[in-house]
Amino acid sequence: MHGGRVDQSLQQVFEQVLRRNPGEAEFHQAVREVFDTLGPVVRKHPQYVEAAVLERLCEPERQIIFRVPWVDDAGRVQINRGFRVEYNSALGPYKGGLRFHPSVYLGIVKFLGFEQIFKNALTGMPIGGGKGGSDFDPRGRSDGEVMRFCQSFMTELYRHLGEHTDVPAGDIGVGGREIGYLFGQYKRITNRYESGVLTGKGVAWGGSLVRTEATGYGTVMFTQEMLRTSGRELDGLRVSVSGGGNVAIHAIEKAQQLGATVLTFSDSSGYVVDEAGVDLALLKDVKEVQRGRAADYVARRPGARLVTDGRVWDVPVDVALPCATQNELLVDDAKVLLSNGVLAVAEGANMPTDPGAVALLQESGVLFGPGKAANAGGVATSALEMQQNASRDSWTFEYAEGRLDEIMTGIHDRCAATAEEYGAPGNYVLGANIAGFLRVADAIVALGVI
């Protein structure tokens, strides 16, 4: 293992993870990233090693893989593969999104589920960790095709779900439309209007205000708290955002509300530079209404340009927010950001910064907010949605956003305090991993060998 930072007891568990989960590179990377920071914990608390807490954390409680047959608009039978990894329920029901994307395979679902355990623990809410999805690609599919796929997917998955068991939400490729179809089928099969079984629902039928905005908003709230530790604010800073989906759009929105100028967004066709600041209303129309591409924004926005052969991180900014997908910000990108004087990087996506880039940014004194802390606003608001469902209540936007702000500030402060306690002040990666780990580990020990 690189850097020699990993404690011997952790090394043995990590080698076991590699041996038992061959070929799952993203999962290995996620476990590695956590283990790199846990050395001081296992030295201080050897009881976790003796109770095999690490081995239990790395082995999902349940992994479900199933066939999803459906019929396309041309009458052809299509077959996809569905996944749900119910990773850890020591703190509450499994909680985590569903991702519909061609890249989805077991290794990605396990990486996301493993991250989710610590992220959910950090929120302080009573939720365990899980993740799921399918290699189905909703892009270019009709509403009817998406509906038939979602109904087939839920027909298999429903038996594993429940408001006290496993509560999925959306992720890449799964938005309000998909959640609606999934919930409708769950309701149809179970004959229960069990609002708390899925989050990210429409506000009119059990959803929470701020849920749509929560991941992006929370990332920016976390960034603001990091900046404040060095006496700065987002107001007046230049920001780059990658991605063009839900998280990116709402990160842009909150950054603009706090006075920043957001210069970029991106999708798989390239990235857009808008020196005047991204036109949020136009971006929402292109992405959320028209389901269009970056080029459609540029065609309607004088002064904006589309770059198809570079990296969104080439644009000089004070703050960078990767909000697209895993491993999108690499070592060379970090070098460019540093040469342009970046102050802070916060992850709106899951594991978007590769380990070498994280190390380089941290060594250079950049404020770095890891995803399990910085993008926890989405799942935190999902837990708030579950609360509203359980009490048959609905909150105002202002109240829900206030709760989100409290939670994100709490996560920031917990990470900062833990990093300081373990001798690495300002290291939010270490702080987030250790704070999340301690909460889950104590619950695992308390519940016995199960």
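The following exercises, each with a worked solution, concern a predicted model.

**Exercise 1. The parallel sheet**

Task: Determine in what order the five strands of the open sheet are arranged, and which strands stand at its edges.

Solution.
Step 1. The order of the open sheet is β7-β6-β11-β12-β13, and its pairing is parallel.
Step 2. The edge positions belong to β7 (261-262) and β13 (367-369). Each has a single partner strand, so one side of each lacks a neighbour in the sheet.
Step 3. Begin with the pairing at the β7 end. Strands β6 and β7 are joined by two bridges in the parallel sense, with Arg238 opposite Thr261 in β7.
Step 4. Continue from β6 to its other partner. Four bridges connect β6 with strand β11 (residues 319-322), again in parallel, and here Ser242 stands opposite Pro322 in β11.
Step 5. Finish with the pairing at the β13 end. Strand β12 (residues 344-346) runs parallel to β13 and is joined to it by three bridges; Ala344 has Leu367 as its bridge partner in β13.

**Exercise 2. Strand β6 and its connection to β7**

Task: State how many residues of strand β6 are buried, and which handedness describes the unit that β6, α10 and β7 make.

Solution.
Step 1. Strand β6 covers residues 238-242, and four of these five residues are buried.
Step 2. Together, β6, α10 and β7 make a β-α-β unit, which is right-handed.

**Exercise 3. The two sides of helix α11**

Task: Establish which residues of helix α11 are buried, how they are distributed around the axis, and what they pack against.

Solution.
Step 1. Helix α11 comprises residues 280-289, and its buried residues are Leu280, Leu282, Leu283, Val286 and Lys287.
Step 2. Around the axis they cover an arc of only 160°, which means that they lie on the same side of α11.
Step 3. The face turned away from this buried side carries Ala281 and Val289, which are exposed.
Step 4. The packing partners of the buried residues are α10 (246-257), β8 (264-267) and α12 (294-300).
Step 5. Examine both ends of the helix. At the start of α11, a side-chain oxygen of Asp279 comes to within 3.2 Å of the backbone nitrogen of Ala281. Just after α11, Arg291 adopts a positive phi of about 50°.

**Exercise 4. The environment of Glu178**

Task: Decide whether Glu178 is buried or exposed, and identify what its side chain contacts.

Solution.
Step 1. Glu178 belongs to helix α8 (residues 176-190).
Step 2. Its relative accessible area is 4%, so Glu178 is buried.
Step 3. The side chains of Glu178 and Arg177 are joined by a polar contact of 3.0 Å.
Step 4. When residues up to four places away in sequence are not counted, Glu178 touches Phe100, Pro138, Val146, Cys150 and Gly173.

**Exercise 5. The β1-β2 hairpin and Phe66**

Task: Describe in which sense β1 and β2 pair, and then characterise the surroundings of Phe66.

Solution.
Step 1. Strand β1 (residues 62-71) and strand β2 (residues 77-88) are antiparallel and are linked by ten bridges. Val68 stands opposite Asn80 in β2.
Step 2. The hairpin has five residues between the strands, and Gly75 in this hairpin takes a positive phi near 85°.
Step 3. Phe66 is part of strand β1. Because its relative accessibility is 6%, Phe66 counts as buried.
Step 4. Neighbours within four places in sequence are left aside. Phe66 is then in contact with Asn80, Arg81, Gly82, Phe83, Phe153, Glu156 and Leu157.
Step 5. Compare separation in sequence with distance in space for one further residue. Phe66 and Gly216 are 150 residues apart in sequence, and their C-alpha atoms are 32 Å apart.

**Exercise 6. Cysteines and disulfides**

Task: Find how many disulfides the structure contains, and explain why Cys415 forms no bond with Cys323.

Solution.
Step 1. Across the whole structure, the search finds zero disulfides. Cys323 is accordingly in none, its nearest cysteine sulfur being that of Cys415, 17 Å away.
Step 2. A disulfide requires the two sulfur atoms to be within 2.5 Å. For Cys415 the closest cysteine sulfur, in Cys323, is 17 Å away and therefore too far for a bond.
Step 3. Consider accessibility as well. Cys323 is buried at a relative accessible area of 6%, and Cys415 is buried at 0%.

Note on methods
Residues numbered from 1 in each chain as written. Predicted model: local features only at pLDDT ≥ 70, side-chain atom pairs only at ≥ 80, totals over all residues. Heavy atoms only, no water. Buried < 20%, exposed > 50% of the residue type's maximum accessible area, 1.4 Å probe, protein only. Arc of directions from axis to C-beta. Contact = heavy atoms within 4.5 Å. Polar contact = N/O pair within 3.5 Å; in protein donor to acceptor, adjacent residues only side chain to side chain. Pairing = 2+ DSSP bridges. Right-handed = clockwise from strand over helix to strand, strands pointing away.
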